[in-house]
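User: Could you take a close look at the empty space inside this protein, and at what lines it? I would like one connected account rather than a list.

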Amino acid sequence: MKYLIIHAHPEPASLSAYLKDRAVADLTAAGHEVEVSDLYKMEWKAVADAKDFPSRAENEGPLNYSRASKKAFAAGEQSADVAEEQRKLLWADVVVLQFPLWWYGMPGILKGWVDRVYAYGFTYGVGPSGGANWGNRFGEGVFKGKRAMIAMTVGGRMAHYGPRGVNGAIDDLLWPIQHGVLYYPGFDVLPPTVFYEVNRAEPDAVETMAKTFVERLLSASTTEPIPFIPQNGGDYDDIQVLKPGVGSEEAGHARHQYSPAYVSNTWLGKSGDYTAKHIPPTSRDDE
């Protein structure tokens with residue numbers, strides 16, 4: 001298989017970088033192909049602006065980024081760095097967004113990567129729009145048939161990101177990335193790999209994290225994806241609202257999944273249990 005890791009951490013000696021390097025080594029040793037976009041090492045330009053369109057004339061008036069993106073993509077006139085990242089995405093079977101959780105989201109450099117690489121006509125603005133079918137998105141699009149996963153390091157405790165945790169449930173925090181950035185253009189989204197309390201991790205725990213991360217990647221082709229409901233499969237009405245009786249019995253974002261909904265592992269009283277789990281709504285106990 002072909003793996004693309006989009007890595008967004010500024011410190012080469014960080015745990016995140018170590019996990020990335022272990023993944024590359026172990027995947028390669030297992031016979032897979034791996035490419036890495038190390039955004040800080042690449043000095044990735046995170047700001048979306050007029051410089052992204054080298055052929056745009058100065059007299060074209062105020063910049064409409066979406067419109068300029070559409071024109072540049074269609075004409076093959078995008079900046080070279082953007083076109084290269086698009087090539088990698090089309091090449092890969094599995095895409096991994098790897099980053100530390102900063103202020104309840106991904107680092108700005110990774111958001112900027114999405115803003116610039118996800119061009120109009122490439123990942124959005126694709127397919128007919130009208131009535132119940134509102135473009136090829138949310139389960140359809142350029143990445144349909146590919147798989148993607150978030151791999152994230154978190155400083156806080158697992159309990160902080162549980163159903164009653166002060167930071168909010170991890171699935172809610174990841175919703176814009178998993179359902180938006182990944183599912184919107186067609187990826188099958190695998191359950192995230194999230195490591196907590198990383199600043200306090202002892203060497204044994206680091207080794208456990210590395211093995212878990214590699215195992216998640218090696219099993220990517222057989223792991224059941226999060227059961228998001230596709231937009232154009234008949235379960236949304238003509239204004240893209242879920243029809244009555246469709247979706248999970250879970251509240252909030254999980255309603256946009258078939259039942260049983262995927263819920264990330266929360267604190268179950270088991271030290272070192274970083275494995276994502278399907279937790280049925282009626283069995284959230286310490287079993």
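Analyst:

**A buried aspartate and the spaces in the model**

In this predicted model, Asp-235 sits in the segment that follows helix 6 (203-218). Asp-235 is buried but takes part in no salt bridge, since the nearest side chain of opposite charge, that of Lys-243, is 6.6 Å away, and a salt bridge is counted only within 4 Å. The side chain of Asp-235 does, however, make a polar contact of 2.4 Å with the side chain of Tyr-258.

Turning to the empty space, the largest pocket holds about 350 Å³. Its lining is made up of 22 residues, and those that lie nearest the centre of the pocket are Ala-169, Asp-171, Asp-172, Ala-254 and Val-263. Sorted by class, the lining of this largest pocket comprises 11 nonpolar, seven polar and four charged residues.

Besides pockets, there are enclosed spaces to consider, and the model has three cavities of 30 Å³ or more. The second largest cavity has a volume of about 50 Å³, and the residues that line it are Asp-52, Phe-53, Tyr-65, Ser-69, Ala-72, Gln-78, Ser-79, Val-82, Arg-116 and Ala-119. Helix 2 (residues 65-75) contributes the most to the lining of this second largest cavity, giving three residues. By class, the lining of the second largest cavity consists of five nonpolar, three polar and two charged residues.

Key. Residues are numbered from 1 along each chain as its sequence is written. This is a predicted model: local features need pLDDT of at least 70, side-chain atom pairs count only at pLDDT 80 or more; totals for chains, interfaces and linings use all residues. Side-chain values use heavy atoms; hydrogens and water are left out. On a 1 Å grid over the protein atoms alone, a cavity is a set of points where a 1.4 Å probe fits but cannot get out, and a pocket is an open set with protein on both sides within 12 Å along at least five of seven lines; lining residues have an atom within 4 Å of a point. Grid points are joined across faces, edges and corners, and a volume is the space filled by probe spheres set on the points. Ala, Val, Leu, Ile, Met, Phe, Trp, Tyr, Cys and Pro count as nonpolar, Asp, Glu, Lys and Arg as charged, and the others, Gly among them, as polar. Helices (H or I, at least four residues) and strands (E, at least two) are DSSP runs, numbered from the N terminus. Buried means under 20% relative accessible area, exposed over 50%, partly exposed in between (1.4 Å probe, protein chains only). Lys and Arg count as positive and Asp and Glu as negative; His and the chain ends are not counted. A polar contact is a pair of N or O atoms within 3.5 Å; within protein, one must be able to donate a hydrogen and the other to accept it, and residues adjacent in sequence count only if both atoms are side-chain atoms.
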